[in-house]
Amino acid sequence: MNWTDLRFLIDRITGLFRRGLASLRTRGVTSTWRRVKKQFRRVPETLRPTLYLPDDAPFAPFSLSVAAASDVPAASIIIPVFNEFPHTLKCLRALAAHPPQAPIEIIVVDDGSSDETQAALPLVTGVRYHRRRENGGFIAACNDGLALARGEYVVFLNNDTVPQPGWLDALLGTFREHPGTGIAGAQLLYPDGRLQEAGGVVWNDGSADKLGHLHASGEPAFNYARRVDYVSGAALAMLRTLCLELGGFDHRYSPAFYEDTDLAMRVRAAGLHVLVQPASRVVHLEGITTGTDERRGVKSSQPRNLRRFAERWKSTLAAHPVHATRMGSITDRHYRRTVLVIDALTPQPDRDSGSLRLFNLMRLLRSEGAHVVFLPADHGHDGRYTTELQQMGIEVWYAPFSGTSPAWLREHGPRFHTAILCRHYVAREFLPLLRKHAPDARIVFDTIDLHYLRERRGAELASDAALLRAAERTRALELDVIARSDATLVVSETERELLATDAPRASVDVLSNLHRVSGPGLPFAHRHDLVFVGGFRHPPNTDAVQWFAASVFPLIRARLPDVRFHCIGGDVPDEIAMLAAQPGVVVHGHVADIAPYMDGARVAVAPLRYGAGVKGKVNLSMAHGQPVVATGCAVEGMHLRAGEDVLVADEATAFADAVLRAYHDEELWQRLSTNGLLNVERHFSLDAGREVVRRVLLA
């Protein structure tokens with residue numbers, strides 16, 4: 001072992017010892033032991049992401065894809081450098097290999113390098129190279145870059161980083177998806193794939209800690225768009241105008257350390273949020289530019305700047321957490337309330353109306369300032385559906401990180417102000433656990449629809465005594481859950497009226513389907529064909545399509561021989577698939593993007609003969625300006641006027657006649673289209689549900 005390697009080991013061991021003693025003094029035994037255990041954490045290879053790392057080939061001139069000089073870029077990437085050219089080269093090669101979709105400019109600020117930086121960087125096409133007259137440190141170099149920037153956003157990026165594919169587009173997307181964001185930071189990784197940090201926490205003494213340090217990057221607690229106290233200046237984005245207004249990084253922290261933490265505090269003091277974006281991944285070679293030994297070099301300014309920072313923000317820090325605070329709830333204070341949502345499965349909003357309603361309910365809670373934690377009862381990670389929730393800012397838990405439901409609730413239960421339990425069979429399992437482990441949480445039972453009402457109607461339609469007995473068993477279970485919950489949500493006034501009789505002591509509110517109004521779609525003349533949308537795991541949909549195809553569509557086809565009936569919905573059973581042999585019937589199965597059918601089909605049909613709740617298929621079509629012909633059961637509790645907002649018929653011939661009227665009569669079609677849009681906006685938009693959400697879930 002040579003002297004340099006030995007010196008590194010000595011510095012590391014003595015540094016760990018000193019930091020351990022300092023931690024004992026400031027944090028106490030419990031927090032210090034937690035930090036020690038974290039240092040020895042092992043992340044299995046299977047839980048580490050595959051990372052892109054450029055090769056170490058000798059330098060040769062190359063090009064970067066950047067915006068034209070005459071164009072205003074979406075982002076100005078500012079890279080401060082001081083020597084360490086091999087690392088700068090890797091960073092630039094990564095940007096060249098995987099250019100972002102957003103137009104960018106790249107500004108490299110050379111803080112007086114004495115290595116090959118000055119000679120090589122002007123040979124890289126696309127780099128705006130700026131050399132400072134003298135070395136001023138990280139803060140001075142970053143602020144020089146800010147003064148030169150032209151982009152809508154500025155992105156500060158260390159030269160000892162390797163940005164991963166898609167990092168910048170995800171980072172900039174944070175500002176669109178999360179209004180009120182002042183700073184967005186990347187998830188920083190070590191080259192071995194372990195998490196370096198996913199934002200940070202500032203304790204009440206002014207010291208700071210990395211969130212997620214040495215954990216797996218995919219752990220649920222660190223894998224959603226999350227409000228934090230600060231993010232590292234190694235990969236940080238913000239509006240250029242805001243950064244200029246705040247004066248960039250504060251020179252009182254020169255040459256470096258605590259400047260990014262201070263900037264985040266100033267942004268939050270201005271009423272904006274600081275978010276970490278896990279979809280933006282950046283490998284960071286920690287300590288390359290500043291070292292790790294606080295006794296020498298730039299790193300020696302860290303203890304001094306901690307004192308300056310703590311003094312400046314003394315009054316604000318009084319409300320920050322103490323070191324003994326549990327890490328699982330450390331950022332909940334950035335939100336108005338913390339709400340737990342439990343359903344059987346992760347919602348798939350493009351597959352069924354119940355999922356769409358729950359997805360939009362969580363979106364509505366987020367817009368009201370709540371932090372939403374979602375636990376699927378099956379503990380499954382459902383691919384893009386889980387990821388979409390995480391990008392929305394939902395903390396989603398899944399195996400292997402979630403453990404068992406009792407253990408998870410034992411750890412997380414005290415966090416919650418409200419717990420929403422969806423469906424009676426889920427609520428029945430989780431109610432006792434929540435009463436024990438989340439004693440302060442208000443438990444709200446979300447029926448989705450009254451299952452026993454739907455089952456009873458199906459049994460009556462089939463004249464099946466066994467099904468009727470099963471419906472009564474469901475009724476007993478559902479009413480028992482309602483009695484043990486603090487509040488109950490139903491989706492229609494019809495169901496609330498039923499519970500006024502069946503559960504007169506229950507606190508029941510209506511929170512109906514929740515939709516975003518899409519707009520009128522294509523005009524009458526450019527639309528054609530009929531459409532039905534509904535998943536076939538739901539028995540009423542199977543019955544409806546079979547009845548329509550057998551009894552109604554032939555009557556329509558006899559007078560409109562070229563018309564087609566588009567049947568859209570996942571989990572297609574054999575009896576529905578066989579309908580594709582019938583002339584004019586097109587069975588699509590699941591369609592990922594149904595907008596072309598909503599905007600392009602002339603009439604939607606909802607031929608349900610039994611069911612309960614409010615029908616998302618009717619809302620969905622109306623939200624796209626698509627007139628609907630439905631049975632009385634399908635429009636129950638939807639505030640619709642027959643002949644003005646919707647056409648209603650229950651018998652086959654009358655249903656066919658109503659479809660033909662809507663299909664041929666442009667004036668009638670337009671009236672139904674306009675009134676349907678107004679109905680959704682008035683009764684089924686996110687704004688329509690806001691009052692109930694505030695009163696029942698967030699009070």
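In helix α11 (residues 384-391), the residues Y385, T386, L389 and Q390 are buried. Here "buried" means under 20% relative accessible area, "exposed" means over 50%, and "partly exposed" covers what lies in between (1.4 Å probe, protein chains only). Viewed down the axis of α11, these buried residues fall within an arc of 140°, so they line one face of the helix. The arc is that of the directions from the helix axis to the C-beta atoms. Helices (H or I, at least four residues) and strands (E, at least two) are DSSP runs, numbered from the N terminus.

The model is predicted: local features need pLDDT of at least 70, side-chain atom pairs count only at pLDDT 80 or more, and totals for chains, interfaces and linings use all residues. Residues are numbered from 1 along each chain as its sequence is written, and side-chain values use heavy atoms, with hydrogens and water left out.

**Surroundings of helix α11**

The cover over the buried residues of α11 includes α10 (353-367), β14 (371-376) and β15 (395-396). Contact means heavy atoms within 4.5 Å. Just after α11, G393 takes a positive phi of about 100°.

Further along the chain, A399 is found in the loop between β15 and α12 (405-412). A399 is partly exposed, with a relative accessible area of 44%. The C-alpha atoms of A399 and H381 are separated by 7.2 Å, and these residues are 18 residues apart along the chain. A cis peptide bond joins A399 and P400, with omega of about 5°. P400 is placed in the loop between β15 and α12.

**Salt bridges**

A salt bridge is a side-chain nitrogen of Lys or Arg within 4 Å of a carboxyl oxygen of Asp or Glu. By this rule the count comes to 40 salt bridges. The table lists three pairs, including their places in the chain.

| Pair | Closest N and O atoms | Places | Separation along the chain |
|---|---|---|---|
| E177 and R363 | 3.6 Å | E177 in α5 (residues 167-177), R363 in α10 | 186 residues |
| R357 and D446 | 2.8 Å | R357 in α10, D446 in β17 (residues 442-446) | 89 residues |
| R435 and D486 | 3.2 Å | R435 in α13, D486 in the loop between α15 and β18 (487-490) | 51 residues |

The pair of E177 and R363 links distant parts of the chain. E177 counts as partly exposed at 36% relative accessibility, whereas R363 counts as buried at 16%. In the pair of R357 and D446, R357 is buried, with a relative accessible area of 2%. Its partner D446 is buried as well, with a value of 0%. In the pair of R435 and D486, R435 is partly exposed at 39%, and D486 counts as partly exposed at 32%. Elsewhere, D250, R252, D262, R266 and R312 are linked in a network of salt bridges.

**The contact of helices α13 and α15**

Two packed helices are described by the angle between their axes and the distance between the axes. The axes of helix α13 (residues 424-437) and helix α15 (residues 465-484) come within 10 Å and cross at roughly 35°. Axes are lines fitted to C-alpha atoms, for helices over the stretch in contact, and angles run from 0 to 180 degrees between N-to-C directions. The crossing of α13 and α15 is left-handed; this term applies if the near helix is turned anticlockwise from the far one by less than a right angle.

On the side of α13, the contact is made by H424, A427, R428, L431, P432 and R435. On the side of α15, T474, L477, E478, V481 and R484 take part. By class, the contact has five nonpolar, two polar and four charged residues. Ala, Val, Leu, Ile, Met, Phe, Trp, Tyr, Cys and Pro count as nonpolar, Asp, Glu, Lys and Arg as charged, and the others, Gly among them, as polar.

**Further local features**

N619 is placed in helix α20 (residues 616-623). N619 is buried, with a relative accessible area of 0%. Leaving aside residues up to four places away in sequence, N619 touches N513, H515, V614, M638, V680 and F684.

A cis peptide bond also joins S254 and P255, with omega of about 5°. P255 is found in the loop between α6 (240-246) and α7 (259-269).

E84 has a positive phi of about 55° although it is not a glycine. E84 lies in the loop between β1 (75-81) and α2 (85-97), and E84 is partly exposed at 33% relative accessible area. S463, not a glycine either, has a positive phi of about 50°. S463 lies in the loop between α14 (451-462) and α15 and is exposed, with a relative accessible area of 66%.
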